[in-house]
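Here are a few exercises to work through with the model open in your viewer. Try each task before you read its solution.

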Amino acid sequence: AKLSAAAKAASEAARQNARNAAKAADAVLAAFAVGESALESWSAAAEKATLDAAAEVDALAAEHDRGVVAGGADVTASVDEASASLAEQRALLDAAAGRL
């Protein structure tokens, strides 16, 4: 009887340990699921931030290019105006020299 009671107690303890181990395994799996979900969220946020940053870089580059073209046009117009002014002055000087 003592042996049967001891075996029964050992069997019950083994079953309880198995239940506890199963609960612990479930808790670990749940923690991994939470971690995986957080990692997926972080990955999606990081990808969006990277795409947003790339779009911002493209926009800034395009704006810079437009500024360079506009600035180049302004410089060209100024040079053309200065050249025309010089040509006019040269014509006036040539005309004055011709009268002398």
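**Exercise 1.** Find the partner with which Glu 12 forms a salt bridge, and work out how the two are placed along the chain.

*Solution.* Keep in mind that you're looking at a predicted model.
- Step 1: Start at the carboxyl group of Glu 12; the salt bridge goes to Arg 15, with the closest N and O atoms 3.2 Å apart. That fits the cut-off, which asks for a side-chain nitrogen within 4 Å of a carboxyl oxygen.
- Step 2: Check the spacing. Both residues sit in helix H1 (residues 2-99), and because they're 3 residues apart, about one helical turn separates them.
- Step 3: Look at the exposure. Glu 12 has a relative accessible area of 37%, so it's partly exposed, and Arg 15 gets that label too, at 44%.

**Exercise 2.** Which residues do salt bridges with shared partners join into one network?

*Solution.*
- Step 1: Go back to Glu 12 and look for Arg 19: these two form a salt bridge, and their closest N and O atoms are 3.2 Å apart.
- Step 2: Arg 19 is partly exposed, at 39% relative accessible area.
- Step 3: Now move along to Lys 48, which pairs with Asp 52 in a salt bridge whose closest N and O atoms lie 2.7 Å apart. These two are 4 residues apart in helix H1, so about one helical turn lies between them. Lys 48 counts as exposed at 51%, while Asp 52, at 42%, is partly exposed.
- Step 4: Put the shared partners together, and the network is Glu 12, Arg 15 and Arg 19.
- Step 5: As a check on your tally, a search of the whole structure gives 3 salt bridges.

**Exercise 3.** Is the protein spread out or a compact globule?

*Solution.*
- Step 1: Count the secondary structure elements: there's 1 helix, and there are 0 strands.
- Step 2: Compare the radius of gyration with the globule rule. The protein has 43 Å, well over the 13 Å that the rule gives for 100 residues, so it's more spread out than a compact globule.
- Step 3: Look at the extents: the C-alpha trace spans about 145 × 10 × 5 Å along its principal axes.
- Step 4: Turn to burial. Of the 100 residues, 0% are buried; about 8400 Å² is exposed, and 66% of that comes from carbon and sulfur atoms.

**Exercise 4.** How far apart are the mean positions of the positive and negative charges?

*Solution.*
- Step 1: Count the charges: 9 positive and 15 negative.
- Step 2: Take the mean position of each set; the two lie 27 Å apart.

Key:
Residues numbered from 1 in each chain as written. Predicted model: local features only at pLDDT ≥ 70, side-chain atom pairs only at ≥ 80, totals over all residues. Heavy atoms only, no water. Rg over C-alpha atoms; globule rule 2.2 N^0.38 Å. Buried < 20%, exposed > 50% of the residue type's maximum accessible area, 1.4 Å probe, protein only. Areas by Shrake-Rupley, 256 points an atom, 1.4 Å probe, with all protein chains shown as cover. Lys, Arg positive; Asp, Glu negative; His and termini not counted. Charge placed at Lys NZ, Arg CZ, Asp CG, Glu CD.
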